[in-house]
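Hi everyone, thanks for making time this morning. I'd like to walk you through a few side-chain details, so let me put the sequence and the structure up on the screen.

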Amino acid sequence: MDQAVQIARTKRAFECIDSGQTTTTPGVKRSPVAAYTDPKWLDRELSTVFKRYPLFMGLSAVVAEPGDYVALEHSTVPILLVRGDDGIARAFINMCSHRGAPVARGCGQAAGFICGYHSWTYDRAGALKAIPDQRNFPGIKPAEYGLTQLPLIECHGMIWVQPDPEGSIDLDEHLQGMLPELQSYQLDSYVHYERRILHRDINWKMPIDTFLEPYHFSTLHKDTVAPIFYDNLCLFEGHGLNHWMAVIRKSIETLRDKPEADWDFVKHTAISYQLFPNTIFTMQADHLETWRVFPLKNRVDQCVIYFDCYVPEPVTTEKAKRYWDANIDLAIRTVDDEDIAIQVEMESNFLSGAKKEVLIGQNEPALAHFHWAIEKAMAGE
Ligand code: FES
Ligand SMILES: [Fe+2]
């Protein structure tokens, strides 16, 4: 991050600490409970929010080498991400051209993809290479029946895919000025350390909501992250439908006695970028954690969460492994055992139909922005 930006943000953090007031929005937002319970609301999200915007797929490290692949089954279309022999990352709809079976599952390394139903075979660039008993498919030219490709952009070590083969990606337009800051983290050299996949009984927006305000730190997280961060204090900036929100580590106090040229805002904060629609991308001082959330089986009250941890260099020692494992343990303990545990109860409360709306305070600007962005994208249908 540019040093002038680090200085400006550190000064802003000190202003908030000294005044005891966080970044605020004008007025309280009334948020409809239907956003978490109404199947028609989810249908509209699936046809707009999850269709028209590029999805963050992870860092380049998830498919570091030719043949590395990841299958993502819970998007609106099943996606297969694979790096070709030419080093280019491509995305396809993970459906065989014969009868539509998935050609890959999970993740791994593959010389090509052999469909598990009748063995139609595709190479790493999605081209159809073999049709068993081809004489019974007269007029079917293999060159025309490769996997359906999806628009993909790989830049600065990050990958986005448009889940619509007819769509296109304009990242500058989508991120509205946020890309240079993401680029400044030099993520092309990061390595993928671990993935956890969680299926939980809550609406897909809830795991994202929980990252978007530190108002709950001293209550819900009093024994986990509350001792590390200031409670109810954040910096926030909107970028179109996306935004970032920074929570401040108490260690930032050590900067007050140092020259501004040495102020390291990133080290003394956790900056969560909300990459619209479904990703929280958190720079955690010395590593990156991402949380991507999808509705599960078109259910308004179920989601799947992909947690990924990326670290700046390959992990080669037991000491480094213990360090990163402890970081992951804290992240999962905080989010799954504390945030998601109470959200499962909230989802159940919401489904009772007893309340029509809930409130987002002026001190929760990022949360208000996320719900505003969802509603704006849905209104564009
Ligand atoms: S469905 Fe893939 S080979 Fe038949
Ligand atoms: Fe939380």
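Let's begin with E15, which is partly exposed, at a relative accessible area of 46%. This is a predicted model, by the way, so please hear every number today in that light. Which residue does E15 pair with in a salt bridge? The partner is R12, and the closest N and O atoms of the two are 3.4 Å apart. R12 is partly exposed as well, at 30% relative accessibility. Both residues sit in helix α1, which covers residues 3-19, and they are three residues apart, so about one helical turn separates them. As a reminder, an α-helix has 3.6 residues a turn, so residues three or four places apart point the same way.

You can find a comparable arrangement in helix α8, residues 318-351, where D325 and K321 are four residues apart, again about one turn of the helix. Their side chains meet in a salt bridge, with 3.0 Å from N to O. D325 has a relative accessible area of 27%, which makes it partly exposed, and K321, at 37%, is partly exposed too. While we're on the subject, salt bridges with shared partners link D18, E253 and R256 into one network.

One more pair, please: D86 and R90. Here the closest N and O atoms of the salt bridge are 2.5 Å apart. Are the two partners buried or exposed? D86 is partly exposed, with a relative accessible area of 47%, whereas R90 is buried, at 14%. For anyone keeping a tally, the model has 20 salt bridges by the rule used here.

Now let's turn to helix α3, residues 39-47. Which of its residues are buried? They are W41, L42, E45 and L46. Looking down the axis of α3, you see these buried residues fall within an arc of 135°, so they line one face of the helix. And what does that face pack against? The buried residues of α3 pack against two helices, α2 (34-37) and α9 (365-379), and against the strands β1 (29-32), β18 (288-296) and β19 (299-311).

Before I stop, have a look at the N-terminal end of α3, which is capped by D38. A side-chain oxygen of D38 lies 2.9 Å from the backbone nitrogen of K40.

That's my tour, and I'm happy to rotate the view for anyone who'd like another look.

Terms used. Residues are numbered from 1 along each chain as its sequence is written. Chains are lettered from A and ligands numbered from 1 in the order in which they are written. This is a predicted model: local features need pLDDT of at least 70, side-chain atom pairs count only at pLDDT 80 or more; totals for chains, interfaces and linings use all residues. Side-chain values use heavy atoms; hydrogens and water are left out. Buried means under 20% relative accessible area, exposed over 50%, partly exposed in between (1.4 Å probe, protein chains only). The arc is that of the directions from the helix axis to the C-beta atoms. Contact means heavy atoms within 4.5 Å. A polar contact is a pair of N or O atoms within 3.5 Å; within protein, one must be able to donate a hydrogen and the other to accept it, and residues adjacent in sequence count only if both atoms are side-chain atoms. A salt bridge is a side-chain nitrogen of Lys or Arg within 4 Å of a carboxyl oxygen of Asp or Glu.
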